[in-house]
Amino acid sequence: MLEKVLPYAMLKAKPNLELRIRTLKKDWATVYDMLSGKENKKFGWDEHRQMVVAEDAVWNSYINPLRKMLK
């Protein structure tokens, strides 16, 4: 079906879907750790907006070590 819609794109559905599934699993693991991890009790879930919420200081303490790792 993908080849019919985009005949010259040379895309294969299976590898793209597998990559998307891996990305979703990784993202889900991150959110799960935020909400249920021992060290991250300060994160919460906003049911109305369907998103993780926290005070700015909590986000900064979570993100700053990640920024240092990426540099």
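Methionine 1, with a relative accessibility of 83%, counts as exposed in this predicted model. The residue is found in the segment that comes before helix α1, which covers residues 2-5. Together with Val5, Leu6 and Leu11, Met1 makes a nonpolar surface patch of about 460 Å².

Aromatic contacts were examined next, and the structure was found to hold three aromatic pairs. In one of them, the ring centres of tryptophan 28 and tyrosine 32 are 6.3 Å apart and the ring planes stand at 45°, so this pair is classed as tilted, given that planes from 30 to 60 degrees apart fall between the stacked and edge-to-face classes. Both residues belong to helix α2, which runs through residues 13-36, and they are separated by four residues, or about one turn of the helix. Tryptophan 28 counts as exposed, at 59% relative accessibility, whereas tyrosine 32 is partly exposed, with a relative accessible area of 48%.

A further aromatic pair is formed by phenylalanine 43 and tyrosine 62, whose arrangement is edge-to-face, with 5.4 Å from centre to centre and 80° between the planes. Because phenylalanine 43 lies in the loop between α2 and β1 while tyrosine 62 lies in helix α3, the pair ties together parts that are 19 residues apart in sequence. Phenylalanine 43 has a relative accessibility of 8% and therefore counts as buried, the cut-off for this class being under 20%. Ring pairs also link Phe43 and Tyr62 with Trp59, so that a cluster is described by these three residues. Valine 58, which is found in helix α3, likewise counts as buried, at 12% relative accessibility. In sequence, valine 58 and phenylalanine 43 are 15 residues apart, and their C-alpha atoms are separated in space by 7.6 Å.

Helix α3 itself comprises 15 residues, from 56 to 70, and at 1.5 Å a residue these should span 21 Å; the end C-alpha atoms are 21 Å apart, in agreement with that expectation. The helix nevertheless bends by about 25° at isoleucine 63, and a proline, proline 65, follows within four residues of this position.

The remaining features concern the two strands, β1 (44-46) and β2 (51-53), and the loop between them, in which glutamine 50 lies. The phi angle of glutamine 50 is near 55°, which is a positive value in a residue other than glycine. With a relative accessible area of 46%, glutamine 50 is partly exposed. A search of the whole structure for salt bridges finds one. A salt bridge is formed between aspartate 46 and arginine 49, in which the closest N and O atoms are 2.7 Å apart.

Key:
Residues numbered from 1 in each chain as written. Predicted model: local features only at pLDDT ≥ 70, side-chain atom pairs only at ≥ 80, totals over all residues. Heavy atoms only, no water. Buried < 20%, exposed > 50% of the residue type's maximum accessible area, 1.4 Å probe, protein only. Patch = residues over 30% accessible without salt bridge, like charges linked within 9 Å, V, L, I, M, F, W, Y side chains within 5 Å. Areas by Shrake-Rupley, 256 points an atom, 1.4 Å probe, with all protein chains shown as cover. Salt bridge = Lys/Arg side-chain N within 4 Å of Asp/Glu carboxyl O. Expected span 1.5 Å × (residues − 1). Bend = angle between axes of the 7 residues up to and from the residue. Phe/Tyr/Trp six-rings, centres within 6.5 Å; stacked < 30°, edge-to-face > 60°.
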